[in-house]
Amino acid sequence: MSDNKNNKNDSFDIMKKRRNAASASRNTGKMHVVDFDEIDPENAKIRKQKQLKKTAKTGGSAAISLAKALLYILVVSLVSVILASIIIFTCNDIFAFVKDDVSATFEIPEGAGVYDVAYILKENKVIKYPLVFTLYCHKEFSGSSYYTGKFKSGEHTLVFRNEAEKTQQNENTVSFIQLEKSEDKVLLPLNYDRIISSLAVTQYKKREEVRVTVPEGFTVDEIIDLLVKNGVGTREKYIDVINNYDYDYKFVDNIKVSSDRKYRLEGYLFPDTYNFFTDESEISVINKFLMNFEKKFEDIYYERAKELGYTTDELMIIASILEKEAKYAKDLTMMSSVFHNRLKSSYKRLESDATILYVKDDYNTKEEMQNSKYNSYNTYGFIPGPISNPGFEAISAAFYPDKTNYMYFFSYKDGSTKYSKTLDEHQNAVAKAKSEGTYATQE
């Protein structure tokens, strides 16, 4: 009982002290901060111990959180580095951005699958990741109609040599060579696409290409014969395309087509050297000629034709005759002046043996040939169309003739040309040349 009594007395004393402190604060009228630790030292000690424990606990939690954050950053960074490395190495294997020299000869067994081939390539150090190669092949095979999904059996050789080695050896090799069977080779770079293209069986055979040179002055018939001889197209289809296909060119629109014209596009198949595929369509082949002509035939020629009072097709007729008549380029502009002078005069006949020779095989009798519209001795003005496919110099001469008073000309056997202003002068010169055996006759 005495203990309880003492505790009650202590509590009473503490409360009394608190009331006296509060009363003193009110009496003075000033803010007084009560330090309860002084009033109640025992409880103050307990409160401080609790505060220390709470602070220690909070500090420990912060340290653990920091450690977790650092660990998370470390793991993410490590995973990122690993993934980046995997991506870099995989992409390098696929695209061969940086690759060591490789030279491997290996055998692909008949009926080998994609993974079989991938494993063979891995064993021969051509690739590093057979699974990636397998997935890449499946993607290529399923997304393209070019590959069959099968591989060529037999011995294959894949070769990669870097640019430094190539330069040191001063080699002049193409970047990619694909041959057959044991001679298969791939050069620079040895990526997955190159490997697949060398080993995979394709749906289509390799397109054979031929180079064809068309001389200046060749006729449509001669060009068709040359193309067919080189295995490009058929004669019947070329004739149909030349006369009927609707090519979208300004100069084609300016062509005056008539029943007397032998070939619509005669004069416009520009003579040059061309590369054709043997399976190329006749439409495509003729279009290459016309595209080349368009590049050479600039807008200034259309303007010049209007200036002279002719159509571009009419001046191409003159160009085609010049190509057949002149042996030397120096005579082109002079001969052109003769034809222009005739058309401007009341005579109005071109009178060129070359125009008759153009159709000589198209008629059964000499009389039929004489009555042809291509006979420029009887036809006034222009004949139905060009008689050859002229080169650039002949075309330029037709549009830009010399200014002369010449009305006639003939050629000597040596290819030189005699020009005359009058018919008498011309006839006398011809008679003299024939008597001397120097007159050239066209056959």
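Okay, let's start with one pair of side chains: lysine 139 and glutamate 140 meet in a salt bridge, at 3.2 Å from N to O. Before I go on, keep in mind that this is a predicted model. So, are those two buried or exposed? Lysine 139 is exposed, with a relative accessible area of 53%. Glutamate 140 has a relative accessible area of 17%, and because buried means under 20%, glutamate 140 counts as buried.

Hang on to glutamate 140, since it comes up again in a helix contact. Helix H5, residues 130-143, and helix H7, residues 192-199, have axes that come within 11 Å and cross at roughly 65°. That makes H5 roughly perpendicular to H7. The crossing itself is right-handed. Who makes the contact? On the H5 side you have Val132, Phe133, Tyr136, Cys137, Glu140 and Phe141, and on the H7 side Tyr192, Asp193, Ile195 and Ile196. Sort those residues by class and you get 8 nonpolar, no polar and 2 charged.

Now, back to salt bridges. How many are there by this rule? The count comes to 8 salt bridges. As background, side chains of opposite charge can pair when their charged atoms come close.

Here's another one: aspartate 362 and lysine 262, with their side chains meeting at 2.9 Å, N to O. This pair links distant parts of the chain, 100 residues apart. Aspartate 362 sits in the loop between helix H15 (353-358) and helix H16 (366-370), while lysine 262 sits in the loop between helix H10 (250-253) and strand E6 (273-277). Aspartate 362 is partly exposed, at 39% relative accessible area, and lysine 262 is partly exposed too, at 22%. And these two have company: Asp221, Asp225, Arg235, Lys262 and Asp362 are linked in a network of salt bridges.

For a local pair, look at glutamate 307 and arginine 304. Their side chains form a salt bridge at 2.8 Å, N to O. Where do they lie? Both are in helix H12, residues 299-308, and they're 3 residues apart, about one turn of the helix. Glutamate 307 is exposed, with 60% relative accessible area, whereas arginine 304 is buried, with 14%.

Let me move on to a second pair of helices. Two packed helices are described by the angle between their axes and the distance between the axes. For helix H13 (residues 312-325) and helix H14 (residues 332-344), the axes come within 10 Å and cross at roughly 135°. That makes H13 oblique to H14. The H13 and H14 crossing is right-handed. H13 brings Leu315, Ile318, Ile321, Leu322 and Glu325 to the contact, and H14 brings Leu332, Met335, Ser336, Phe339, His340 and Leu343. By class, that contact has 8 nonpolar, 2 polar and 1 charged residues.

One last stop, in a loop. Glutamate 110 is found between strand E1 (102-108) and helix H4 (114-123). Is glutamate 110 buried or exposed? Glutamate 110 counts as exposed, at 76% relative accessibility. Glutamate 110 and lysine 150 are 40 residues apart in sequence, and in space their C-alpha atoms are 9.6 Å apart.

That's the tour. If you want one thing to look up in the structure afterwards, try the salt-bridge network that includes Arg235.

Definitions and conventions
Residues are numbered from 1 along each chain as its sequence is written. This is a predicted model: local features need pLDDT of at least 70, side-chain atom pairs count only at pLDDT 80 or more; totals for chains, interfaces and linings use all residues. Side-chain values use heavy atoms; hydrogens and water are left out. Axes are lines fitted to C-alpha atoms, for helices over the stretch in contact, and angles run from 0 to 180 degrees between N-to-C directions. Helices (H or I, at least four residues) and strands (E, at least two) are DSSP runs, numbered from the N terminus. Angles under 35 degrees count as roughly parallel, over 145 as roughly antiparallel, 65 to 115 as roughly perpendicular and the rest as oblique. A crossing is left-handed if the near helix is turned anticlockwise from the far one by less than a right angle, and right-handed if clockwise. Contact means heavy atoms within 4.5 Å. Ala, Val, Leu, Ile, Met, Phe, Trp, Tyr, Cys and Pro count as nonpolar, Asp, Glu, Lys and Arg as charged, and the others, Gly among them, as polar. A salt bridge is a side-chain nitrogen of Lys or Arg within 4 Å of a carboxyl oxygen of Asp or Glu. Buried means under 20% relative accessible area, exposed over 50%, partly exposed in between (1.4 Å probe, protein chains only).
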